[in-house]
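Reader: I should like to go through the structure and ask on what grounds each description rests. Please set the values against the criteria as we proceed.

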Amino acid sequence: MTRALTWTAITATTVLALAACTGADEPPPPPSSGGTTAPSSDSTQTSAPTDEAATTSAGPALNTFVPVAAGTERAWPEVIDTVSKGEAEFALFGVYRIDAERVVVSGRYAGQPKSNTAAAEWFEPGYFHSMGGYEFSRVAVTGADGVRHLPVRDEEDRCLCSLSTQPYADAQDPQAPAWVVVSAPADAKTLDVEVSDIGTIKDVPVTDLPTAASVPFGWVEVLSVDALAREDGVITAGTTIANVSDLNPTYTLAQHQFDFPDLEGQDCFQGLSAWGSATPTGRMAQDPDCHRGTMPGGGQQISLEVKVADPGSQQVVILPDAGLPLMLPVTGTPTEGQAASLRSYAARTEEAGATVEQGEELTVSLDTEVLFDFDKATLTGAADDALAVAAKTLKAQDKRAITIAGHTDGQGSAARNLELSEQRAKAVAKALGDKLGADWQIAVEWHGMSKPAVKESGSPAQVKAAQARNRRVEIVVP
């Protein structure tokens, strides 16, 4: 089964972004996080005023610009190792366990050219689309068994990850936080971290996420979470964003909405996500009183209350758009929030040409370049390893009914593609049936080019990656 992607066009000017995919023949305007549209003129007119004396007994007033507090620093964690290629450099801070089957890979990116299409190099191949924002997903971790563990994704293929896209025009030595949640073996003590096309850092210890309340944010800012309180399915985060530079932003806080499609039209800062367990993850919660306005100017800070759906777990990890992950205590009683503001992310692995996605349903996608020669439907010698991975995965779960569907890319005639997808799906069904044995119900479908996993558009490299992803035989356990 192939899920259709739904995205909303980006119209913002200069932004930081996350958790979606972008790519087009013509460079799009710099995107916002998760694909939010630019705020209306009404929103930008409600920018918080500057008031150097604005304080309350509990500290700075909400939604009000004040001078940056003395001692505020943009302090980076200690670097484990660095990989680089050309102008791109990634410094790894750590691989942190956040539940039994997930880790978050955290680091710093530097050297990005000042181009709003430069972030394409950080997209997992085949996931760079013409609508949406940017993501940091060209990362995999590998354990002792050699299985590649991939970024988690939701039912619309959005990853849970973050990368700032474009530095300020006047920024010197621009550096930005980057992180991605990746599935990982439960017993792994060390993992190899592969940053595709750049390099691999081997034997990285898997540790707990250190407690922190302040982290680098964006290209020049600092994000502090002063308090987390949960009530009635909503976590309220008391946050402060401080601009420790003399540079002034040209975008608004609304462009830091972590994943706006669920709450379209809520033009305010909602750039936090709450990870509590494998599922679900808390995203933006409805907040009619949220702050609308601009990012703080140079030497200023602003305090905000940000509402996020409660994932319902005892422990909470805060994953900020354009900032490093934070771990800190949360008060109140865990209560799972509203479904509209929760999202589930599937674990994903790749081995021998078989990509396994374990979410609400189990899907095994077999790479036809491994299974077959060009325009052929006879299984190659290399296909056996991929089919063995599929058989092992299927036998490990309880259901005994599967659907095998053949798909092609968009090249060639529709008639030939339909015929080829039928032949390939039937070849896989026969070979896999032999490996599974009796008592399995196997339905076979073929769709040719009619149900692509992703649109084949963008640069030549993006089109090639999309076509490779679309050429597949998919096994689904409903």
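**Grounds for the descriptions**

Author: Strand β5 (residues 88-99) runs parallel to strand β12 (residues 199-208), and three bridges join the two. The model is a predicted one.

Reader: What makes β5 and β12 a pair?

Author: Two strands count as paired if DSSP finds at least two bridges between them. Three bridges link β5 and β12, in the parallel sense; with the cut-off at two, these strands therefore pair. At one of the contacts between the strands, Arg-97 has Asp-208 of β12 as its bridge partner.

Reader: How do you know that β11 pairs with β12 as well, and in which sense?

Author: Five bridges connect β11 (residues 190-195) with β12, and the sense is antiparallel. Five satisfies the requirement of at least two bridges, so β11 and β12 are a pair. Val-193 is bridged to Ile-201 of β12. The two strands form a hairpin with three residues between them, and Asp-197 in that hairpin has a positive phi near 70°.

Reader: Which residue of β12 has a positive phi although it is not a glycine, and why is it called exposed?

Author: The residue is Asp-203, whose phi is positive at about 55°, and its place is in strand β12. Exposed means over 50% relative accessible area. Asp-203 has 55% relative accessibility, so it counts as exposed.

Reader: Why are β20 and β21 called edge strands?

Author: The open sheet consists of five strands in the order β20-β19-β16-β17-β21, with antiparallel pairing. Strands β20 (326-327) and β21 (342-343) each pair on one side only, and they are the edge strands. For β20, the partner is β19 (residues 317-320), in the antiparallel sense over two bridges. Two bridges meet the minimum of at least two, so β19 and β20 count as paired. Val-317 has Met-327 in β20 as its bridge partner.

Reader: What makes up the largest nonpolar core, and which strand gives the most to it?

Author: The largest nonpolar core contains 46 residues, and Leu-160, Val-181, Leu-228, Ile-241 and Ile-318 have the most contacts inside it. Strand β18 (residues 300-309) gives the most to this core, with four residues. In soluble globular proteins, nonpolar side chains tend to be buried together.

Reader: Which residues does Val-181 touch beyond those up to four places away in sequence?

Author: Val-181 touches Ile-98, Arg-102, Val-103, Val-104, Pro-151, Val-152, Leu-160, Trp-275 and Leu-319. Leu-160, one of these, is also among the residues with the most contacts inside the core.

Reader: How do you know that the span of helix α4 is close to the one expected?

Author: Helix α4 (residues 414-436) has 23 residues. From first C-alpha to last, the helix reaches 32 Å, against 33 Å expected at 1.5 Å a residue. The two values are close.

Reader: Which residues of α4 are buried, and what covers them?

Author: The buried residues of α4 include Leu-420, Arg-424, Val-428, Leu-432 and Leu-436. Their cover includes α3 (383-395), β25 (401-407) and β26 (441-446). Just after α4, Gly-437 takes a positive phi of about 90°.

Reader: What makes Asp-439 exposed?

Author: Asp-439 has a relative accessible area of 70%, and exposed means over 50%; Asp-439 is therefore exposed. Its place is in the loop between α4 and β26. Asp-439 is not a glycine, yet its phi is positive at about 70°.

Reader: Why is Ser-365 called buried, and Lys-451 partly exposed?

Author: Buried means under 20% relative accessible area. Ser-365 has 18% relative accessibility, so it counts as buried. This residue lies in strand β24 and touches Gly-353, Ala-354, Thr-355, Arg-472, Val-473 and Glu-474, not counting residues up to four places away in sequence. Lys-451, in the loop between β26 and α5 (460-470), has 43% relative accessibility; that value lies between the cut-offs of 20% and 50%, so Lys-451 counts as partly exposed.

Reader: How many residues of the whole protein count as buried, as a percentage?

Author: Of the 478 residues, 57% count as buried. The secondary structure comprises five helices and 27 strands.

How values were computed
Residues are numbered from 1 along each chain as its sequence is written. This is a predicted model: local features need pLDDT of at least 70, side-chain atom pairs count only at pLDDT 80 or more; totals for chains, interfaces and linings use all residues. Side-chain values use heavy atoms; hydrogens and water are left out. A nonpolar core is a set of buried Ala, Val, Leu, Ile, Met, Phe, Trp, Tyr and Cys residues joined through side-chain atoms within 4.5 Å. Buried means under 20% relative accessible area, exposed over 50%, partly exposed in between (1.4 Å probe, protein chains only). Contact means heavy atoms within 4.5 Å. The expected span of a helix is 1.5 Å times one less than its number of residues.
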